[in-house]
Amino acid sequence: TDPLAQATANTLAFQTAITGLGAVFANKAYQSSKNYESALADLAKVLDGGMDAAKGYGARLNETASQFAQNGQELVSAMANFVQAGYNAEEAFALVTDSTKLMIAGELDAARSSELLTSILKGFKAPASEAGAAVDLLNDVSNKYATNVEQLAVGMAALSPIAQQMGFSMTETA
């Protein structure tokens, strides 16, 4: 009976571990859901369409998050940041895609990426439609001159207002 008792004890221990793991995963999923809903509520505050518009963009942002293997909640927050920076909802949505590319190239988080991209565009008084070109430029210069994309973006963000006043383009500044 001793081997049977040990097998029963091991089975009970295994079941307890599985139950504990399930509880941990459920708590993690609940926290993620809560954070996502909070980000969606923040986005709804800054969009004209309110929560309905935020949910529509949320679904599209989740597709973008899946495409780039990123966190959907961070992308929703990034879009809210772009709207607060003065871009309309469609421009902000497009900027999220470009800032996601900058996130990947520069190994940045969403908030930092959106902040740098906004600073670069505002400094050069460039429209949102030039964001993709700015990200490509940063990546190209980084590859050619063995610089860090993040450091280059920080420099561009800081220098952009001065460079624009001096008549330099983004390419010349980079």
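This report describes three helices of a predicted model and the salt bridges that involve two of them.

## Basis of the description

The model is predicted: local features need pLDDT of at least 70, side-chain atom pairs count only at pLDDT 80 or more, and totals for chains, interfaces and linings use all residues. Residues are numbered from 1 along each chain as its sequence is written, and side-chain values use heavy atoms, with hydrogens and water left out.

Helices are DSSP runs of H or I with at least four residues, numbered from the N terminus. The expected span of a helix is 1.5 Å times one less than its number of residues.

## Helix α2

Helix α2 comprises the 19 residues 50–68; its end C-alpha atoms lie 26 Å apart, in agreement with the 27 Å expected at 1.5 Å a residue. Its buried residues (under 20% relative accessible area, with a 1.4 Å probe and protein chains only) are Gly50, Ala54, Tyr57, Gly58, Leu61, Thr64, Ala65 and Phe68. They cover an arc of only 125° around the axis, and therefore lie on the same side of α2; the arc is that of the directions from the helix axis to the C-beta atoms.

The other side of α2 carries Asp52, Glu63, Ser66 and Gln67, which are exposed, a class that requires over 50% relative accessible area. After α2 comes Ala69, with a positive phi near 55°.

## Helix α5

Helix α5 spans residues 110–123. For its 14 residues a span of 20 Å is expected, and the end C-alpha atoms are indeed 20 Å apart. Buried in α5 are Ala110, Ser113, Ser114, Leu116, Leu117, Thr118, Ile120, Leu121 and Gly123. The elements covering these buried residues include α3 (72–84), α4, α6, α7 and α8.

Ser113 has a relative accessibility of 0% and so counts as buried. Apart from neighbours within four places in sequence, Ser113 is in contact with Ser99, Leu102, Met103 and Leu108, contact being defined as heavy atoms within 4.5 Å. Just after α5, Lys125 adopts a positive phi of about 55°.

## Helix α7

Helix α7 (residues 149–165) has 17 residues, and the distance from its first C-alpha to its last is 24 Å, close to the 24 Å expected. At Leu159 the helix bends by about 50°, and Pro161 follows within four residues. The bend is the angle between axes fitted to the seven residues ending at a position and the seven starting there.

At the N-terminal end, Asn148 caps α7 through a side-chain oxygen 2.7 Å from the backbone nitrogen of Glu150. Val149, Leu152, Ala153, Met156, Ala157, Ser160 and Ala163 are buried; their cover includes α4 (89–106), α5, α6 (131–145) and α8 (170–173). Gly167, which follows α7, has a positive phi near 90°.

## Salt bridges

With a salt bridge defined as a side-chain nitrogen of Lys or Arg within 4 Å of a carboxyl oxygen of Asp or Glu, the count is 2. One joins the side chains of Arg60 and Glu90 at 3.1 Å, N to O. This pair links distant parts of the chain, with Arg60 in helix α2 and Glu90 in helix α4, 30 residues apart. Arg60 is partly exposed at 32% relative accessible area, as is Glu90 at 42%; partly exposed denotes values between the 20% and 50% limits.

The side chains of Glu115 and Arg112 form a salt bridge at 3.0 Å, N to O. These residues are 3 apart in helix α5, which means that about one helical turn separates Glu115 from Arg112. Glu115 is partly exposed at 44% relative accessibility, and Arg112 is partly exposed at 27%.

How values were computed:
Helix = DSSP H or I, 4+ residues; strand = E, 2+ residues; numbered from the N terminus. Polar contact = N/O pair within 3.5 Å; in protein donor to acceptor, adjacent residues only side chain to side chain.
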